Amino acid sequence: MATVYHSACPLNCWDSCGFLVTVEDGKVTKVEGNPEHPITQGKICSRGRMLENRTNAEDRLFYPLKKVDGSFQRVSWEQALNEIAEKLAYYKETFGTASVLHSHDYANSGLLSNLDSRFFNLYGGVTELTGSICWGAGIEAQNWDFGDAYSHAPADLANSNHVVIWGRNVARTNMHLFQNLQNVKKNGTKIYVIDPIYNATAKLANEYISIKPGFDGLLAAGIMKEMLRMNLEDEEFLANHSVGFEDLKALLDSVTLGYISEVTEVPVETISHLADVYADRPVSTIMGLGMQRYKNGGNTIRLLDALVAISGNIGIPGGGANYANKQVGQSFDYQNMTLPERKSSARTFTMMRQAEGILSAVDPEIKMGIVTCGNPLTQVPDTNTVKEAFESLETLVVIDHYMTDTAELADYVLPAATSFEVEDVYYSSMYHHYVNHGPKLVDPPGEAKPDAWIWAELAKRLGFGEEFDFTREEFMEMGLASLTQKGITLDKIREERFAELPVDEVPWADRNFKTPSRKYEFTSSSVADGSIKLSLPTETKWTNPELAEKYPYTLLTIHPLRSNHSQHFHLFQPKPYVKVEMAKSVAAEKGLQENDDVRVWNDRGEIHGRVSILKAAHPGTVNIDEGLSARFGGSVNQLTSSRESDNGLGSTLYDCLVNIEKVENE
Ligand SMILES: Nc1nc2c(c(=O)[nH]1)N[C@H]1C(S)=C(S)[C@@H](COP(=O)(O)OP(=O)(O)OC[C@H]3O[C@@H](n4cnc5c(=O)[nH]c(N)nc54)[C@H](O)[C@@H]3O)O[C@H]1N2
Ligand SMILES: Nc1nc2c(c(=O)[nH]1)N[C@H]1C(S)=C(S)[C@@H](COP(=O)(O)OP(=O)(O)OC[C@H]3O[C@@H](n4cnc5c(=O)[nH]c(N)nc54)[C@H](O)[C@@H]3O)O[C@H]1N2
Ligand code: SF4
Ligand SMILES: [Mo]
């Protein structure tokens with residue numbers, strides 16, 4: 001008999017959708033949208049629908065595996081857990097707990113996915129990752145400017161005169177914002193898209209502005225110059241609620257509009273026009289994450305923030321420098337769950353340079369790696385170094401649903417349960433502020449087990465089992481402690497299927513910023529040199545002419561349409577391949593036609609793929625969607641750099657020059 005249950009999407013995504021899931025004879029048979037969800041309203045994307053296949057697929061991991069003489073053998077949980085616990089105990093005693101690296105990303109947005117940190121803290125504190133390949137540069141930038149990274153509630157978009165979509169691939173990555181844009185456009189709101197690629201969101205826009213990748217900060221500087229020239233700035237905000245405006249002004253005076261137009265490749269008239277747009281408040285600026293994956297990413301977001309500030313669009317309905325919404329994550333009590341005070345030693349590597357960290361660590365060396373909710377072999381920059389690093393470990397444990405490129409290198413692979421096989425609550429600090437409930441709907445197949453069970457079993461063997469002697473319900477209640485005090489209990493979330501979190505829908509309306517000065521800081525007082533810089537990406541003809549001579553094209557590696565990163569490609573029919581998308585100018589210069597086989601390379605690596613010519617893209621721009629594993633011709637991260645962003649906490653994935661040539665049919 002078929003029964004339909006409510007559930008929630010666990011994927012790392014802006015939208016955090018509500019689901020309706022059909023279960024027949026103990027199996028998930030269909031995943032659809034829940035029309036009652038206030039934000040996602042019954043619409044979901046194919047990545048969500050494909051979670052049915054991800055749960056049922058025959059290539060899922062069903063049993064613990066151990067590598068013996070180079071090939072995987074099935075072993076019992078007892079054997080796998082005993083051996084892993086013995087190694088953890090041995091490394092702790094012999095080299096200290098920092099000889100273990102916990103490598104992870106955020107592939108599951110459930111509250112209990114944080115229990116891995118509880119385990120590692122109680123073990124004694126391991127080598128952890130800081131920063132973020134995803135959004136690190138921008139989050140740090142907004143921490144300096146505002147004291148935190150907050151966005152307006154989705155419904156507030158209805159108050160905007162203009163919406164500037166600045167480097168967010170909305171139609172592809174944030175589908176409910178796309179719907180929201182369609183609605184507000186009907187009521188007269190004007191939409192602008194600033195992006196090197198004329199994408200599906202650009203089609204909806206009233207105006208599309210093509211920009212050279214990595215030069216958005218300079219464009220924002222140009223718009224500010226024009227606003228100041230025409231006296232369009234919000235003097236009240238600048239005088240009463242900000243510090244450091246004089247520094248910004250001096251910075252803007254140090255360049256001419258002509259220079260800005262030349263390097264950004266945006267005409268002066270367009271820059272002037274955007275100054276008028278920004279003065280016609282309220283203007284909502286919706287920033288994407290791709291735009292800050294450059295060496296100058298932190299300064300790019302700070303310059304966009306500064307534009308939103310001087311134009312008087314902070315803290316007003318319909319405005320905002322909307323990048324991420326950390327208010328959502330801050331509603332939960334991670335410390336209760338993860339017990340950071342219990343670790344006695346800790347070392348950190350940045351997420352971007354985890355491979356270099358492994359290869360160069362001394363005192364102690366990294367002996368063991370444990371990977372959870374992540375697939376560094378395809379997702380972390382500079383794949384060749386990542387491979388060398390993970391191969392160099394004495395012991396590698398990967399916990400996953402599937403045999404990924406990373407799992408292939410492991411000594412132990414442990415099969416995890418999926419979101420439909422456990423109860424949790426799901427949320428995203430990216431777009432809306434609802435938390436969704438996902439009940440346990442089916443049993444895990446084979447011997448797959450919830451991640452939390454694995455931590456509890458290892459904890460028992462290492463002597464801190466009592467710290468995991470809690471039910472999932474009790475763990476969820478720990479994480480919901482503050483919300484419970486505000487009436488948002490686990491029972492309420494279970495019953496109502498989702499709950500609205502108590503956030504400011506128009507952040508900073510009280511002008512009480514979380515910076516040291518309590519004001520908006522054009523020059524940050526959180527760091528030694530907190531002034532904004534007009535910096536450029538590292539790999540451009542302006543900053544490295546010799547490199548640009550050798551590698552004349554900018555490679556973007558944006559998020560794929562039908563896969564969440566590396567997760568869905570194995571389910572595609574026909575099989576996926578590396579599609580090398582390029583601006584017409586690139587195809588013309590290289591004499592390439594649609595579907596030609598090409599080699600794309602730089603000093604870090606090379607990848608082979610098939611040409612697809614983009615209808616419109618900034619001259620010299622190439623894109624290969626990220627996420628393809630080695631068996632489908634990936635990873636594109638063979639070409640990307642593990643350099644960190646200017647503020648140290650973000651990646652520079654798109655700050656990447658390459659060359660291309662045709663190869664004979666393969
Ligand atoms: N379908 C799908 N959706 C997803 C995901 C997925 O894997 N697949 N992943 C989710 C996750 S984890 C994230 S972080 C978000 C990311 O969401 P987005 O920020 O929307 O997407 P990205 O792919 O990170 O960034 C790519 C966008 O930035 C533009 N871009 C690149 N460089 C520049 C630049 O220098 N200037 C400007 N103005 N634009 C630039 C690209 O052309 C593209 O439109 O998406 C989430 N949603
Ligand atoms: N070149 C390039 N590289 C990129 C990006 C880019 O734009 N360009 N984007 C970056 C961004 S924004 C992000 S967020 C990262 C994402 O990087 P990752 O999070 O590493 O990528 P995913 O492919 O989403 O998933 C990682 C693995 O987690 C597993 N997993 C999912 N749920 C669970 C669970 O509950 N338990 C366990 N144990 N495992 C689980 C999945 O099966 C999958 O194999 O990639 C980054 N890498
Ligand atoms: S991947 Fe994103 S848009 Fe798709 S169903 Fe999940 S939350 Fe919704
Ligand atoms: Mo991300």
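Begin by selecting Gly167 together with ligand 1: a polar backbone atom of Gly167 lies 3.1 Å from an oxygen atom of ligand 1. Please keep in mind throughout that the model is predicted.

**Stop 1: ligand 1**

Stay with ligand 1 and select His559, where a backbone N or O atom lies 2.9 Å from an oxygen atom of the ligand. Next, show the side chain of Asp216; one of its polar atoms is 2.7 Å from a nitrogen atom of ligand 1. Taken alone, ligand 1 exposes 910 Å², and the protein buries 100% of that area. Now display the whole surroundings of this ligand, which comprise 35 residues. The closest of them are Asn169, Asp195, Gly214, Asp216 and Arg293.

**Stop 2: ligand 2**

Move to ligand 2 and display the 28 residues around it. Which of these residues come nearest to ligand 2? They are Asn375, Gln379, Asp400, Ser566 and Asn637. Select Asp400 from this group: a polar atom of its side chain lies 2.6 Å from an oxygen atom of ligand 2. Add Tyr654, where an N or O atom in the side chain is 2.8 Å from an oxygen atom of the ligand. Then add Asp451, whose side chain places a polar atom 2.8 Å from a nitrogen atom of ligand 2. On its own, ligand 2 exposes 920 Å², of which the protein buries 97%.

Colour the shell around ligand 2 by residue class, and 8 nonpolar, 14 polar and 6 charged residues will appear. Colouring by domain is also instructive: domain 2 (65-130 + 340-419 + 442-468) and domain 4 (545-662) each supply at least three residues to this shell.

**Stop 3: ligand 3**

Select ligand 3 and the residues that surround it, among them Cys9, Cys13, Cys17, Cys45, Arg47 and Met175. The shell of ligand 3 divides into 8 nonpolar, 2 polar and 2 charged residues.

Look at two of these cysteines in turn. Is Cys13 buried or exposed? Cys13 counts as buried because its relative accessibility is 12%, and the cut-off for buried is under 20%. Cys17, with a relative accessible area of 7%, is therefore buried as well. As for disulfides, the count comes to 0.

**Stop 4: the nonpolar cores**

Finally, hide the ligands and turn to the protein interior. Select Trp166, Ile223 and Leu248, which have the most contacts inside the largest nonpolar core. How many residues does this largest core have? It has 78 residues. To finish, select Ala80, Val100, Leu111 and Leu480, which are included in a second, separate core of 50 residues.

Key:
Residues are numbered from 1 along each chain as its sequence is written. Chains are lettered from A and ligands numbered from 1 in the order in which they are written. This is a predicted model: local features need pLDDT of at least 70, side-chain atom pairs count only at pLDDT 80 or more; totals for chains, interfaces and linings use all residues. Side-chain values use heavy atoms; hydrogens and water are left out. A residue is near a molecule or strand if one of its heavy atoms lies within 4 Å of it. A polar contact is a pair of N or O atoms within 3.5 Å; within protein, one must be able to donate a hydrogen and the other to accept it, and residues adjacent in sequence count only if both atoms are side-chain atoms. Accessible areas come from the Shrake-Rupley method with a 1.4 Å probe; for residues, only the protein chains shown count as cover. Ala, Val, Leu, Ile, Met, Phe, Trp, Tyr, Cys and Pro count as nonpolar, Asp, Glu, Lys and Arg as charged, and the others, Gly among them, as polar. Domain bounds come from an automatic or database domain assignment. A nonpolar core is a set of buried Ala, Val, Leu, Ile, Met, Phe, Trp, Tyr and Cys residues joined through side-chain atoms within 4.5 Å. Buried means under 20% relative accessible area, exposed over 50%, partly exposed in between (1.4 Å probe, protein chains only). A disulfide is a pair of cysteine sulfur atoms within 2.5 Å.
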